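User: Please take a close look at the helical packing in this model, and follow it through in one connected account. I would like the cut-off behind each term to be stated where the term comes in.

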Amino acid sequence: MSRWELPQHHSARNRRPKFNGACVRFGTPVNYRILGVNAYRWVMSQTTHPIDIGIPEDERQAIAEGLGRVLADTYTLYLKTHNYHWNVTGPLFNTLHLMFEVQYNELWVAVDLLAERIRSLGEFAPGSYRQFSERTVIDESSDVPPTAENMLADLVAGHEACARTTRSVFPLAHDAHDESTADILTQRLQQHEKTAWMLRSMIG
Ligand SMILES: [Fe+2]
């Protein structure tokens with residue numbers, strides 16, 4: 001091994017923990033990366049208090065999965081809007097810098113609302129960049145910041161994508177008579193449609 005090579009145990013594969021949990025009954029170490037998400041869900045169902053809010057488990061899981069997609073889109077759009085707040089240039093700098101700040105703050109509040117609704121349905125909320133990238137339909141920002149006008153167009157597309165994802169979750173909420181989720185989705189939809197209109201109007 002040359003002096004510039006990392007030792008073997010520094011590779012990503014070897015850094016993964018052998019065990020990341022323990023059997024609830026016997027305390028035996030287990031690795032949920034290998035056992036999978038269903039094993040993890042089962043163990044958590046044995047260790048958390050049961051939930052009975054009048055929505056069957058399969059419907060709660062389906063709604064939470066849909067909300068997870070809305071959350072992933074919202075988080076990705078949040079990051080993109082904050083990125084553009086930092087990197088916008090041109091004669092409209094001050095206007096756009098301040099407008100993007102209002103928008104990313106609104107999205108930041110929304111991700112918390114969405115994640116906590118998922119938790120209220122008894123499911124775990126996605127919360128890592130990997131989980132968000134697996135669920136979102138919104139492209140990452142390019143490394144080279146676009147022009148101000150292209151930023152506006154990109155954010156219009158982002159809010160429209162959020163609106164489409166949000167709209168696609170309504171049938172799941174309605175079928176389960178989940179008015180709490182439908183209420184959050186309605187608020188999110190109004191916000192995305194309104195913000196898309198405002199951004200669109202800046203383009204002319
Ligand atoms: Fe700032």
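Analyst:
**Helix packing and the core**

Read from the N terminus on, the elements of the protein chain follow the order α-β-β-α-α-α-α-α-α-α, which amounts to 8 helices and 2 strands. Here helices (H or I, at least four residues) and strands (E, at least two) are DSSP runs, numbered from the N terminus. The model is a predicted one, in which local features need pLDDT of at least 70 and side-chain atom pairs count only at pLDDT 80 or more, while totals for chains, interfaces and linings use all residues. Residue numbers start from 1 along each chain, as its sequence is written.

Helix α8 makes a convenient starting point: it covers residues 179–203, and its 25 residues should span 36 Å at 1.5 Å a residue, in agreement with the 36 Å computed between its end C-alpha atoms. The expected span in such a check is 1.5 Å times one less than the number of residues. Within α8, the buried residues are T181, I184, L185, R188, H192, T195 and L199, where buried means that 20 or more other C-beta atoms lie within 10 Å of the residue's own, exposed means 12 or fewer, and partly exposed is in between, with C-beta atoms placed from the backbone. These buried residues of α8 pack against α4 (57–87), α5 (93–120) and α7 (148–175). Just after α8, G204 adopts a positive phi of about 100°.

The partner that precedes α8 is α7, and the two pack at an angle of about 160° with their axes 8 Å apart; axes are lines fitted to C-alpha atoms, for helices over the stretch in contact, and angles run from 0 to 180 degrees between N-to-C directions. The two helices α7 and α8 are therefore roughly antiparallel to each other, given that angles over 145 degrees count as roughly antiparallel, those under 35 as roughly parallel, 65 to 115 as roughly perpendicular and the rest as oblique. Their crossing is left-handed, in the sense that the near helix is turned anticlockwise from the far one by less than a right angle, whereas clockwise would be right-handed. In the loop between α7 and α8 lies H177, which has a positive phi of about 55° although it is not a glycine, and which is exposed, with 11 other C-beta atoms within 10 Å.

Turning to α4 and α5, these pack at an angle of about 160° with their axes 8 Å apart, which makes α4 roughly antiparallel to α5, and the crossing of α4 and α5 is left-handed. Helix α5 has 28 residues and reaches 41 Å from its first C-alpha to its last, close to the 40 Å expected at 1.5 Å a residue. Its buried residues are L96, M99, F100, Q103, L107, A110, L114, R117 and I118, and what covers them includes α4, α7 and α8. By contrast, L98, also placed in α5, counts as exposed, with 11 C-beta neighbours inside 10 Å; the C-alpha atoms of L98 and H85 are separated by 7.4 Å, at 13 residues apart along the chain. On α4, E65 counts as partly exposed, with 15 C-beta neighbours inside 10 Å, and E65 and E123 are 8.7 Å apart, C-alpha to C-alpha, across 58 residues of sequence. Just after α5, G122 takes a positive phi of about 90°.

The same helices supply the largest nonpolar core, which has 24 residues, those with the most contacts inside it being I63, L67, L71, L114 and V169. The elements that give two or more residues to this core are α4, α5, α7 and α8, with α4 giving the most, 10 residues. A nonpolar core is a set of buried Ala, Val, Leu, Ile, Met, Phe, Trp, Tyr and Cys residues joined through C-beta atoms within 7 Å. Apart from this core lies another, of 10 residues, among them V88, M99, F100 and L155. Leaving aside neighbours within four places in sequence, L67 is in contact with L114, R117, I118, V169 and T181, a contact being two C-beta atoms, placed from the backbone, within 7 Å.

For the protein chain as a whole, 28% of the 204 residues count as buried, and among contacts between residues at least 6 apart in sequence, 69% join residues at least 24 apart.
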